[in-house]
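Biologist: Please show me the structure, and let us ask how each description of it is justified.

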Amino acid sequence: MVGFGGYDMPVQYEGVLAEHRWTREHAGLFDVSHMGQCKITGEDATAQFERFVPGDYEILKAGKQKYSLLLNKDGGIIDDLMAGRPDHDGLFVVVNAGNKDEDFAFWEANLEGDAELTVLDRALIAIQGPEAAEVMSAYEPLLAEMGFMECARLMLFGVDCYVSRSGYTGEDGYEISVPADQAERVWNTILEDARVKPIGLGARDSLRLEAGLPLHGHDIDPTTSPVEGALTFALSKSRKERADFSGADRILKELADGPSRVRIGLIVKEGAPAREGAEIADADGNVIGKVTSGGPSPTLGKNIAMGFVPPAYAALGTELKVVVRGKSAAAEVVAMPFVAQRYYRKPKTV
Amino acid sequence: MKFTKDHEWVSLDGDIATVGISKHAADALGDVVFVETPEVGKTVAKGASFAVVESVKAASDVYAPVSGEVVEANDALSTAPETVNAAPEGDGWFAKIKVSDASELDALMDQAAYDEFLKTL
């Protein structure tokens, strides 16, 4: 167990490697109740929420959710989040544990008109992996029919839950928000299935790294723009055209002229894993950037890393170096995700 | 075999000390994925970091339990770091050190004392 943001969190149960592999092959269960959950409701909820994120939520239909970024006035990422419409009552928003107090205070201070923040006292349980859908559809067949990034509010295990088909591992799966006083029972019930094992924070980190997903506070922070963070998919076309969100000036300028640095993926081809803080150098040894997270990829059997370099060095295949404990090792810029994502996309209906 | 409070072990044969990390340390680290052993010829001081062991999650320093000169490193760990988990107090040794002052071992714990020490953690 380790202290994290005031919570006692399990780093590992049976071991990071075994848990990582179990999630990729079966189904892993994650207690991520430390994350922040809230609702933003009222006539003006969507319009007010949109002021500080670059996504188009006005067109988001009930039953859908969207990844977005809470931006400061300089276009820096205060937090990354998921916001969706599991019911017809405003937006249900999940934010990072380490930022939740700041996020909630930000909305309290900045939401205007008829838009109200309600912080929810709920636990959050994620089930991730290729067998997650089979496991969960035994409890509720409707869950099998949800597509990636769809969400719903429904009764599960006899309680009122918010469920989304999404996660932080690159695998198919669900995040299930349950009333806090029901969490232990729901957790233990899901674990009765032999296909499911509990997974700690250690494997959660190695899984999200393989999936190329940034971790706020490490890979992205309030100085990082969405363009630098290689998160331009979160910039909705309509919002770019309207340029009506926090930091739009900087972000649109970076889109037009290029940012000064950009998040890349690296395979480290020799030596030790390159972890957060390791320097990235060009082929001649000139320091050009830093690793923001990295470590061994259990799936690939190679050391992988994310970091920031000037765009001139960001092309796939660029040969770079990483410096670990004074030793320089060869690295190559590769595409992310490092391990293919396996989200469930619904067949298109005619 | 003697142990330090930092969970290294040392086994002396003549003036050559074989050193590694204890089973307790290996179990606590979890799956070892990389070991950086010291270079042969390097002089190490008791208590100073002389090797690094890495799990999926983190890199940890390994401290020299005795002072001396590294005469051999366990190169097998570069391709089979998991040996540290499988046989931490055997084939998973890190290095052999030619000790400069064998009396340094007197202050270390024997197996019984180390076992007692582990109970206090």
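The conversation below turns to cysteines and then to a sheet.

Modeller: This is a predicted model, in which local features need pLDDT of at least 70 and side-chain atom pairs count only at pLDDT 80 or more, while totals for chains, interfaces and linings use all residues. Residues are numbered from 1 along each chain as its sequence is written, chains are lettered from A and ligands numbered from 1 in the order in which they are written, and side-chain values use heavy atoms, with hydrogens and water left out.

Biologist: Why is A:C161 in no bond with the closest cysteine sulfur?

Modeller: A disulfide requires two cysteine sulfur atoms within 2.5 Å. The sulfur of A:C161 lies 13 Å from that of A:C151, so the two are too far apart for a bond. Over all chains, the search finds zero disulfides.

Biologist: What makes A:C151 count as buried or exposed?

Modeller: Buried means under 20% relative accessible area, exposed over 50%, and partly exposed in between (1.4 Å probe, protein chains only). A:C151 has 8% relative accessibility and therefore counts as buried. A:C161, at 0%, is buried too.

Biologist: How do you know that strand β4 of chain A pairs with β8(A)?

Modeller: Strands are DSSP runs of E of at least two residues, numbered from the N terminus, and two strands pair if DSSP finds at least two bridges between them. Four bridges join β4 (residues 36-41) to β8(A), so the criterion is met. In β8(A), A:L117 is the bridge partner of A:I40.

Biologist: Why are β5 and β8 of chain A called edge strands?

Modeller: The open sheet has the order β5-β6-β7-β4-β8 in chain A. Strands β5 (65-71) and β8 (116-119) of chain A each pair on one side only.
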